[in-house]
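Please look through the structure shown here, and then follow the questions and answers on how its features earn their names.

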Amino acid sequence: MSEPLGITFEEHDRAGVVTLDRPARLNALTREMFEALSANYRRWEPAAQIYGVVMESTHPKVFCSGGDLKVLNQLNHDGAVDEIREFYRSAYTHVWVLEKFIRPNVPLINGLAFGGGIGISLLGTHCVAGEGYRFAMPQVGIGFLPDIGGTYFLPRLDGWVGTYLALTGAEIGPADAHRLRLVTHYIPSPYFDVIKTSLADNHPIDRLLDGLHQDPGEGDLVRLTPAINRIFSAPTVEEILERLDAEPEGPYETWARETAATLRQKSPTSLKIALQQMLRGKALSLAEALQLEFRLASHLVTTPDFKEGIDAKIAGKGRAPKWTPETVADVDDSRIASLFETPVDGELELNEPKQIFQ
């Protein structure tokens, strides 16, 4: 018997309802789930009876933990590089489907939303955070890159906060996410059923969400933003580390030491790639960013760090990875540049709405 898909699609009157339902795997996303998401959004876009779509999770503390690393780890061990590439193709294609989906799309997030969980929720028309919302893009910690649209949306955050989030994988809560416009509304989770019911009843979504929105407060990043902008505006990872190490005694000293230690645990290659994504990404359209991510992903899935990072997380149950090369200073910058410029077979193609929803 095959494993359940882990995601359901229903219609409640005028609403399409997507429910993430893989609690044992923290709603981790598979290629089949991405393809099912795209298929149903394509089905609902021209459907006259559907006013909008709501997305929810059955897990009380997790919206979506990202891509299914257990599956990717097994594919790694099997040497199934083409299947891994197709996983990422389906993921990035779905982000593009969401971008072109013009009906109201309302993820209701009251838990962890990491990596791919951001990709399936951020670029819709709306994004609602509850009190348990936690955002992170932790991919550099597994020898990969902040992808699934990260090249596009992270550089567009205020100042250099996107670079900080990309390189450190730091978590932020609903207040910071709302201030950074990563979510459109902060609405406590007891009101989520009201949103779902009202959407099904064809209630105008903007008026509804604006009426339920509450002030989430200031957030933790406000205090750190001056230091983040001063340090993470450096043009190289080496200089970012130097600035962190040189932070004088004062209000940011402890944060700087802890942040430097965090960066030194990440894949040096991934840190270099992520910084280049942030430096280049603001000039790219979403389509160009996704196409670049697919190119980078296609290169990276053949590297030792990708295999080591996921294996350490899954088979090693969180052991410290052994990166190749081991330090930022040993990374060949010309090789990093070549990853951005060298095409791969079967590069990502993204269709316009007439082709997507026909």
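Q: What makes the lining of the largest cavity count as nonpolar, polar or charged, and how many residues fall in each class?
A: The lining of the largest cavity has nine nonpolar residues, one polar and no charged ones, where Ala, Val, Leu, Ile, Met, Phe, Trp, Tyr, Cys and Pro count as nonpolar, Asp, Glu, Lys and Arg as charged, and the others, Gly among them, as polar. This is a predicted model, in which local features need pLDDT of at least 70 and side-chain atom pairs count only at pLDDT 80 or more, while totals for chains, interfaces and linings use all residues. Residues are numbered from 1 along each chain as its sequence is written, and side-chain values use heavy atoms, with hydrogens and water left out.

Q: Which residues line the largest cavity?
A: The lining consists of I109, A113, I118, S121, L122, C127, Y133, F135, L182 and V183.

Q: Why is C127 not counted in a disulfide?
A: A disulfide is a pair of cysteine sulfur atoms within 2.5 Å, and because the closest cysteine sulfur to that of C127, in C64, is 12 Å away, the two are too far apart for a bond. By this rule the count comes to zero disulfides.

Q: Why are C64, C127 and Y252 called buried?
A: Buried means under 20% relative accessible area, exposed over 50% and partly exposed in between, with a 1.4 Å probe and protein chains only. C64 has 0% relative accessibility, C127 has 3% and Y252 has 15%, so each of these counts as buried.

Note on methods. 1 Å grid on protein atoms, 1.4 Å probe; cavity = no way out; pocket = protein on both sides within 12 Å on 5 of 7 lines; lining within 4 Å.
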